[in-house]
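Trainee: Could you take one part of this model and examine it closely, setting it within the whole chain? I should like a connected account rather than a list.

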Amino acid sequence: MTLLFPLRQPEDPRERDRLLMERALREARDAFDRDEVPVGALVVRGNQLLGRSGNRVEELCDATAHAEMLALNQAFATAEAKRLEGAEVFCTLEPCLQCAGALLHARVARVVFAASDPKFGGVVSLASLFDLPGINHRIQWQGGLLAESAAELMRAFFRQRR
C-alpha cells in the first residue's frame with residue numbers, strides 16, 4: 001500500500017497542526033458515517049502522509065481496530081519499517097492505553113490529540129504512559145487542538161445511538 005504523498009506545508013507550525021487535525025477529523029467523520037465511534041488518526045513524517053484511518057472496530061469485529069492502530073499499520077507498510085522515528089500522529093481523541101503503548105513501541109516523535117478521554121485515555125486522563133519512569137523512548141505530546149469539534153462529533157454519535 002502506498003499512501004506516501006506530500007502535504008501542504010504552511011510556514012506557521014500551528015497552522016500545519018490545525019490543518020492536519022482537520023484532516024484527522026475528516027477520518028473521524030467517515031467513521032461516524034460507517035456507524036463507528038468517530039475517531040480519526042493520521043501518521044505523518046515531514047510533509048509525507050504515511051497512514052490514515054478512522055475506527056473500524058464494528059466493521060472488522062476487532063476491539064483493537066482503533067484509528068491509531070490502523071493508521072500505524074499503514075504507516076509501517078508505507079515506510080517499510082517497524083519503527084517510525086521522526087513521525088507525528090494526529091488523532092481526534094486521546095490515545096487509549098493500547099494505542100499509547102503502540103505509539104511508544106513505534107517510536108513516534110510526537111502525538112497531537114484533540115479531545116481528552118477520561119475513561120480510557122492513556123496519555124494524560126486515565127494514565128500517563130508517555131511519562132512513565134524507566135521507559136526508553138519519550139514522546140512529545142499536545143492535547144486540546146480542535147478539541148471542541150472532536151468532542152461535538154462524539155456527542156452527536158452517542159446521542160444518535162440512544
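Mentor: The account below begins with the overall fold, turns to strand E3 and its surroundings, and ends with the aromatic residues and some backbone details. The model is a predicted one, and every value that follows is to be read in that light.

The protein contains five helices and five strands. Their order along the sequence gives the pattern α-β-β-α-α-β-α-β-β-α. The radius of gyration is 15 Å, close to the 15 Å that the globule rule gives for 162 residues, so the protein is as compact as a globular protein of that length. The C-alpha trace spans about 40 × 35 × 35 Å along its principal axes. Of the 162 residues, 47% are buried. Among the contacts with a separation of 6 or more, 58% are between residues 24 or more positions apart.

The part chosen for the close look is strand E3, which comprises residues 88-93. The strand is mostly covered, with six of its six residues buried. E3 pairs with two strands that may be taken in turn, E1 and E4. Strand E1 (residues 40-45) runs antiparallel to E3, and four bridges join the two. Within this pairing, Leu42 has Phe90 of E3 as its bridge partner. Strand E4 (residues 110-115) runs parallel to E3, and here the bridges number five. In that pairing Cys91 stands opposite Phe113 of E4. As a general matter, side chains in a regular strand alternate between the two faces of the sheet.

The parallel pairing of E3 and E4 belongs to a further arrangement. Together with helix H4 (residues 97-106), these two strands make a right-handed β-α-β unit. Leu104 lies in H4 and offers a view of what this helix meets. Leu104 is buried, because its relative accessibility of 13% falls under the 20% cut-off. Apart from neighbours within four places in sequence, Leu104 is in contact with Leu129, Phe130, Ile135, His137 and Ile139. The C-alpha atoms of Leu104 and Asn136 are 9.0 Å apart, although 32 residues separate the two along the chain.

E3 and H4 also take part in covering another helix, H3. Helix H3 (residues 67-79) has 13 residues, and the distance from its first C-alpha to its last is 18 Å, close to the 18 Å expected at 1.5 Å a residue. Its buried residues are Ala67, Glu68, Leu70, Ala71, Leu72, Gln74, Ala75 and Thr78. An α-helix has 3.6 residues a turn, so residues three or four places apart point the same way. Pairs with such spacing occur among the buried residues of H3, including Leu70 and Gln74. The cover over these buried residues includes E1, strand E2 (48-54), helix H2 (57-60), E3 and H4. Just after H3, Glu80 adopts a positive phi of about 50 degrees.

The aromatic residues provide a link between helices. The model has three aromatic pairs. One of them joins Phe32 and Phe157, which meet edge-to-face at 5.9 Å centre to centre, with 70 degrees between the planes. Phe32 belongs to helix H1 (residues 13-33) and Phe157 to helix H5 (residues 147-161), so this pair ties together parts that are 125 residues apart in sequence. Both Phe32 and Phe157 are buried. Phe157 also pairs with Phe158: the ring centres are 5.0 Å apart and the planes stand at 85 degrees, so this pair is edge-to-face as well. Burial separates these two neighbours, since Phe157 has a relative accessible area of 1% and is buried, whereas Phe158 is partly exposed at 35% relative accessibility. Phe32, Phe157 and Phe158 form one aromatic cluster.

Two loop residues complete the description. Asp35 is not a glycine, yet it has a positive phi of about 65 degrees. Asp35 is placed in the loop between H1 and E1, and at 40% relative accessibility it is partly exposed. Leu146, likewise a residue other than glycine, has a positive phi near 55 degrees. Leu146 is found in the loop between strand E5 (140-143) and H5, where it is partly exposed with a relative accessible area of 24%.

How values were computed. Residues are numbered from 1 along each chain as its sequence is written. This is a predicted model: local features need pLDDT of at least 70, side-chain atom pairs count only at pLDDT 80 or more; totals for chains, interfaces and linings use all residues. Side-chain values use heavy atoms; hydrogens and water are left out. Rings of Phe, Tyr and Trp (its six-membered ring) pair if their centres lie within 6.5 Å; planes under 30 degrees apart count as stacked, over 60 as edge-to-face and the rest as tilted. Buried means under 20% relative accessible area, exposed over 50%, partly exposed in between (1.4 Å probe, protein chains only). Two strands pair if DSSP finds at least two bridges between them. A crossover is right-handed if, with the strands pointing away from the viewer, the path from the first strand over the helix to the second runs clockwise. The expected span of a helix is 1.5 Å times one less than its number of residues. Contact means heavy atoms within 4.5 Å. The radius of gyration is taken over C-alpha atoms; the globule rule is 2.2 Å times the number of residues to the power 0.38.
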